[in-house]
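Please walk through this chain with me, beginning with its overall make-up and ending with a few individual residues whose surroundings can be followed atom by atom.

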Amino acid sequence: MDSERVRVVLVDDEHLVRMALRLIVDGEPDLVVVGEAADGDAAVTMVGEQRPDVVLMDVRMPGRDGISATEEILELPESPRVLVLTTFDSDEMVLGALRVGALGFLLKDTPPPRILAAIRTVATGEPALSPAATARLIAAATGPHSSDARRASRETAAGLLATLTDRERETASAIAEGLSNTDVARRLAITVATVKAHTSSMLAKLGVENRVQIALLVRDAEG
């Protein structure tokens, strides 16, 4: 039965938070909680044992933090998608989580229906960002930086994007605008399957984990 549902691991140092999330998630016919962890090290171990589809990850926990744990989890074979769910939404946390490969970022005051929708979204490989996280991502991409740091970031990103084909770069630009696979296909007059093929090729060439990281590279290149 579990194979027909999205398997979820909950990571949070507060037992009451994990209990509330379990009640929310297990109440859905297409979702199931298969494990819990109270810190980053336990999360890595739990993911290795349970092989979930999605990890709902807190950031600040005693011991190992969620960003470090996310980075190691995403290095595992057949790694799950990581959706960060936290009380904090600083620029450092949002960008840190996304740069190591988290596919979503929500605050804990997000209404339960939106949390459930985000779990389903990241399970399909699509990003799910709260409005606050999206705003911070845009601000970080367009805000002031030192000229040397911005130049270095732009040159690195541009060099990576130069390895893509013209069609892949068009797809990357559309992804950076936040378009879904269907919308990208419509814009470029190609099939959704072709969009997915381009995306898979880009992930391999760019050495990144997901669409959010592709978008970050495009924004860095635009400097």
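The paragraphs below go from the whole chain to the sheet, then to the cores and helices, and lastly to single positions.

The model shown is a predicted one, and its chain has eleven helices and six strands. Of the 223 residues of the chain, 45% count as buried. Among contacts between residues at least 6 apart in sequence, 64% join residues at least 24 apart.

The six strands form an open sheet in the order β2-β1-β3-β4-β5-β6, with parallel pairing. At the edges stand β2 (31-37) and β6 (128-129), and because each has a single partner strand, one side of each is left without a neighbour in the sheet. Further in, strand β1 (residues 6-11) runs parallel to β3 and is joined to it by four bridges, with Val-11 standing opposite Met-57 in β3. On the way to the next strand, β3 and β4 likewise run parallel and are joined by four bridges, and here Val-54 stands opposite Arg-81 in β4. How far is β4 enclosed by the rest of the structure? Five of the six residues of β4 are buried, so this strand is largely enclosed.

Several of these strand residues reappear when one turns to the nonpolar interior. The largest nonpolar core has 48 residues, of which Val-11, Leu-56, Met-57, Val-82, Leu-83 and Ile-119 touch the most other members. Val-82 gives a view of these surroundings: leaving out residues up to four places away in sequence, Val-82 touches Val-55, Met-57, Thr-70, Ile-73, Leu-74, Ala-102, Leu-103 and Gly-104. Apart from the largest core lies another, of 13 residues, among them Ala-172, Ile-175, Met-202 and Val-218.

Two of the contacts of Val-82, Thr-70 and Ile-73, lead to helix α3, where Gly-66, Ala-69, Thr-70 and Ile-73 are buried. Seen down the axis of α3, the buried residues fall within an arc of 105 degrees, so they line one face of the helix. What covers these buried residues includes α2 (40-50), β3 and β4 (81-86). At the N-terminal end, α3 is capped by Asp-65, a side-chain oxygen of which lies 2.9 Å from the backbone nitrogen of Ile-67.

The loop that comes before this helix holds an annotated position. UniProt, in an unreviewed entry, places the feature "modified residue: 4-aspartylphosphate" at Asp-58, a residue in the loop between β3 (54-57) and α3 (66-73). Is Asp-58 buried or exposed? With a relative accessibility of 3%, Asp-58 counts as buried, since the cut-off for that class is under 20%. Leaving aside neighbours within four places in sequence, Asp-58 is in contact with Val-11, Asp-12, Asp-13, Gly-66, Leu-85, Thr-86 and Lys-108. Of these contacts, Val-11 is also a member of the largest nonpolar core, while Gly-66 is one of the buried residues of α3.

Another loop position can be read in a similar way. Thr-110 lies in the loop between β5 (104-107) and α5 (112-123), and at 10% relative accessibility Thr-110 counts as buried. A polar atom of the Thr-110 side chain lies 2.6 Å from the backbone oxygen of Leu-107.

Later in the chain, helix α8 (residues 166-176) has Glu-168, Thr-171, Ala-172, Ala-174, Ile-175 and Ala-176 buried. These buried residues pack against α9 (181-188), α10 (192-206) and α11 (211-222), and two of them, Ala-172 and Ile-175, are among the members of the core of 13 residues. Just after α8, Gly-178 takes a positive phi of about 90 degrees.

Finally, two loop residues show contacts or C-alpha separations that link distant parts of the sequence. Asn-210, in the loop between α10 and α11, is buried, with a relative accessible area of 4%, and the Asn-210 side chain reaches the backbone oxygen of Gly-101 at 2.5 Å. Not counting residues up to four places away in sequence, Asn-210 touches Gly-101, Ala-102, Leu-103 and Leu-203. Glu-75, by contrast, lies in the loop between α3 and β4 and is exposed, with a relative accessible area of 62%. Glu-75 and Glu-209 are 134 residues apart in sequence, yet their C-alpha atoms are 9.4 Å apart in space.

How values were computed: Residues are numbered from 1 along each chain as its sequence is written. This is a predicted model: local features need pLDDT of at least 70, side-chain atom pairs count only at pLDDT 80 or more; totals for chains, interfaces and linings use all residues. Side-chain values use heavy atoms; hydrogens and water are left out. UniProt positions are given in the numbering used here, feature names are shortened, and annotations may be inferred rather than shown by experiment. Buried means under 20% relative accessible area, exposed over 50%, partly exposed in between (1.4 Å probe, protein chains only). Contact means heavy atoms within 4.5 Å. A nonpolar core is a set of buried Ala, Val, Leu, Ile, Met, Phe, Trp, Tyr and Cys residues joined through side-chain atoms within 4.5 Å. The arc is that of the directions from the helix axis to the C-beta atoms. A polar contact is a pair of N or O atoms within 3.5 Å; within protein, one must be able to donate a hydrogen and the other to accept it, and residues adjacent in sequence count only if both atoms are side-chain atoms. Two strands pair if DSSP finds at least two bridges between them.
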